[in-house]
Every structure is written in structure tokens, then in C-alpha cells.
Amino acid sequence: MRLSPNIPALLAAIGIVFTFAPARAQQPPTPERVQYALDVTDRRIAQAGTLAANSDNERAHLELNAAVDTQARAKSAYAASQLRIALGLTMDARGHADRAIAIARGLPDPDRVLAQLQRTREILERARDRIEECDNDRAHSLIQVAFAMQERAEAAAANGRFLAALQLSMGARERGFRALRMCHVEENLKDSAEHALRRTDDAIERARDIVGQTGNEEARRSLSQAVELQAQAQGEFRGAHYDAALRLTQTARTLALRALRLSGRR
């Protein structure tokens, strides 16, 4: 029986979109698209300002200040018709604003939530393949429920509801593990780490192709950190430290995807 998980095309939060449409990604941004992005960021910064005003958390205020400063640079770039630069800067500003919102509300760090969402998606996709060979109707039903929960988690993240996204994703992951146990299958940590390393390699390669075109210094720094962490992850994998490899490569992938976001890529 072939399962139909209806995997969404979109995994987004903090203004980040984590899947890539190659044909569209190469098109230059239009003034209308950049203006829309600037308007969305303005609203996010206003929300962050309201929350930070009622918070004494220094980190929230630092993130808000970074959002305001970066958004001002984005608008200057837009006024100079530097659309690609403006888009990258406003997405970065939105990320700062979202982090300020999360901190002020005492919510999980958005980037860490995204890493957990990716981890759950990987687990469910591998579990689905194994469960297809299992003659257990309850396991098949449970994995379908897990995919539905994960899609709700990704939608929640796209709307900035990071705590709800994390809770839903963790619930989806637990159901995936339960479905595997029903079929007497356990997740192989080595296979998980190997799969995650490959996905991070792909993300880094995509980032290299794009970041070099934009000249965005913050994006280059994020990509450099991703490359460094991925090298450490590969070293841990070669040393059979699969859990450490998995943690490091997930962080590296988050940094690579952040570099793409800073470059204005959706």
C-alpha cells in the first residue's frame, strides 16, 4: 500500500521558505515583490516593538534594534533600485523581529524550531518507507496522522506560531516512532545521520550558488559557519559518533538555509 503524505511545498518561518523552486529562484525580484516584503517586515517590527516595550529582556531589545536598523538599510537599497539587496535585508530584518517577538513572549527560538521541524520531516519520510512494507493497519493509520500533524506544524511555523509548531511536530514525531514500533522497526541512528548529512550538503551547495551572486556579507558569514559545522559533523560521523554528527549537521543546515534567506531567496 502506497501512502500519500501530501508533503507540503512550503516550510517557512521567520520569513524563511525552506523549499526552492529553481525556475523562480533565478528570476530577479520585482519592485512589487520587494515592496510587499518590506510592508510585511514593517508590520512584524511594529508587533515586536509593542511586545518589547512591555519586556525587560535585553535580548529582545537587541533583536528589535537590529531589525529596525536592517530594515532601514533595506529601504535605502529599495530606493536605490537595488532590489535583490533590499529583499535580502528585509528578510534578515524580519528574522530579527521574529526573534524579538519570540524572546519577549518567552517562546522557543525560531531557528531551533525550524531545525526540529526538519528533523521530524526526515524521520517521518524514512518511517513511511519502512511502514509500507509492514502489514499493520494501525501503523499505516498512525503514520498518516503523524504526517497530518507535521503539516499543521509547518503551517503554524509559517504563521509565526513557533510554540504551537514545536508541540505539533514533537507529537508527529512520537506518532512516527510508535508506528515504527508497531512494525517492530527502530530508527537506525547511523542511517539518520547519513541522510541528514546528505541533506545538509545539498543545502550548502544551494547556498554557495546563490550567496556568491548577492555579495551579502551576513549571508557569507552564515554560510561559512555552516561549512565549518558540517565539516565537524562529517568528522564525528567518521568517528562513529552518530548522535553528535546529527546535531551538528542539523545546525549547519539551519545556517545554510539562513544564508539563503539573507540572500533574499525563497
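**Group meeting: a walk through the helices**

Okay, let's start in the middle of the chain, with S169, which sits in helix α7, residues 162-182. Before I go on: this is a predicted model, so please hear everything I say with that in mind.

So, is S169 buried or exposed? It comes out at a relative accessible area of 0%, and it therefore counts as buried, since the cut-off is under 20%. What does S169 touch, once you drop residues up to four places away in sequence? The list is Q116, L117, T120, Q150 and A153. Two of those, L117 and T120, are in helix α5, and Q150 and A153 belong to the α6 side of the α5 contact. There's also a backbone distance to look at: S169 and M149 are 20 residues apart in sequence, and their C-alphas are 6.7 Å apart in space.

Staying in α7, have a look at M182. With a relative accessible area of 22%, M182 is partly exposed. Leaving aside neighbours within four places in sequence, M182 is in contact with N136, R138, A139 and L142. And if you want a distance to click on, the C-alpha atoms of M182 and H140 are separated by 9.7 Å, with their positions 42 residues apart along the chain.

That brings us to the α5 and α6 pair. Helix α5 covers residues 110-131 and helix α6 covers 137-158. The two pack at an angle of about 160°, and their axes are 10 Å apart. That angle is over 145 degrees, which means α5 is roughly antiparallel to α6. The crossing of α5 past α6 is left-handed. By class, this contact has ten nonpolar, three polar and five charged residues. Who's in it? From α5 you get L117, T120, R121, L124, E125, A127, R128 and I131. Those meet A139, H140, I143, A146, F147, Q150, E151, A153, E154 and A157 from α6. You'll recognise A139 from a minute ago, as one of the residues in contact with M182.

Let me zoom out for a second. How many helices and strands does the protein have? Ten helices and two strands. Reading from the N terminus, the order is β-β-α-α-α-α-α-α-α-α-α-α, so to speak a pair of strands and then helices. There are 266 residues in the protein, and buried ones make up 49% of them. For the contact-map people: take contacts between residues at least 6 apart in sequence, and 77% of those join residues at least 24 apart. As for surface, the protein exposes about 12700 Å², and carbon and sulfur atoms supply 50% of that.

Next pair, α3 and α4. Helix α3 is 58-79 and helix α4 is 83-104. At what angle do α3 and α4 pack? About 165°, with axes 8 Å apart. That makes α3 roughly antiparallel to α4. Once again we have a left-handed crossing, this time of α3 past α4. The residues of this contact divide into 16 nonpolar, four polar and five charged.

Two residues to pull up here. Q71 is in α3, and at 3% relative accessibility Q71 counts as buried. Apart from neighbours within four places in sequence, Q71 is in contact with L38, T41, D42, I45, T90 and A93. Then there's I101, over in α4, which is buried with a relative accessible area of 6%. With the sequence neighbours within four places left out, I101 is in contact with R44, Q47, A48 and L51. The C-alpha atoms of I101 and L64 are separated by 8.5 Å, and the two are 37 residues apart along the chain.

Last thing, backbone torsions. Most residues other than glycine have a negative phi. Now look at S81, in the loop between α3 and α4. S81 has a positive phi of about 65°, although it is not a glycine. At 58% relative accessibility, S81 counts as exposed. A240 has a positive phi of about 65° as well, and it is not a glycine either. Where is A240? In the loop between α9, residues 217-238, and α10, residues 242-262. A240 counts as partly exposed, at 42% relative accessibility.

That's my tour. Questions welcome.

Notes
Residues numbered from 1 in each chain as written. Predicted model: local features only at pLDDT ≥ 70, side-chain atom pairs only at ≥ 80, totals over all residues. Heavy atoms only, no water. Axes fitted to C-alpha atoms, helices over the stretch in contact; angles between N-to-C directions. Helix = DSSP H or I, 4+ residues; strand = E, 2+ residues; numbered from the N terminus. Parallel < 35°, antiparallel > 145°, perpendicular 65-115°, else oblique. Left-handed = near helix turned anticlockwise from the far one by under 90°. Contact = heavy atoms within 4.5 Å. Nonpolar A, V, L, I, M, F, W, Y, C, P; charged D, E, K, R; others polar. Buried < 20%, exposed > 50% of the residue type's maximum accessible area, 1.4 Å probe, protein only. Areas by Shrake-Rupley, 256 points an atom, 1.4 Å probe, with all protein chains shown as cover.
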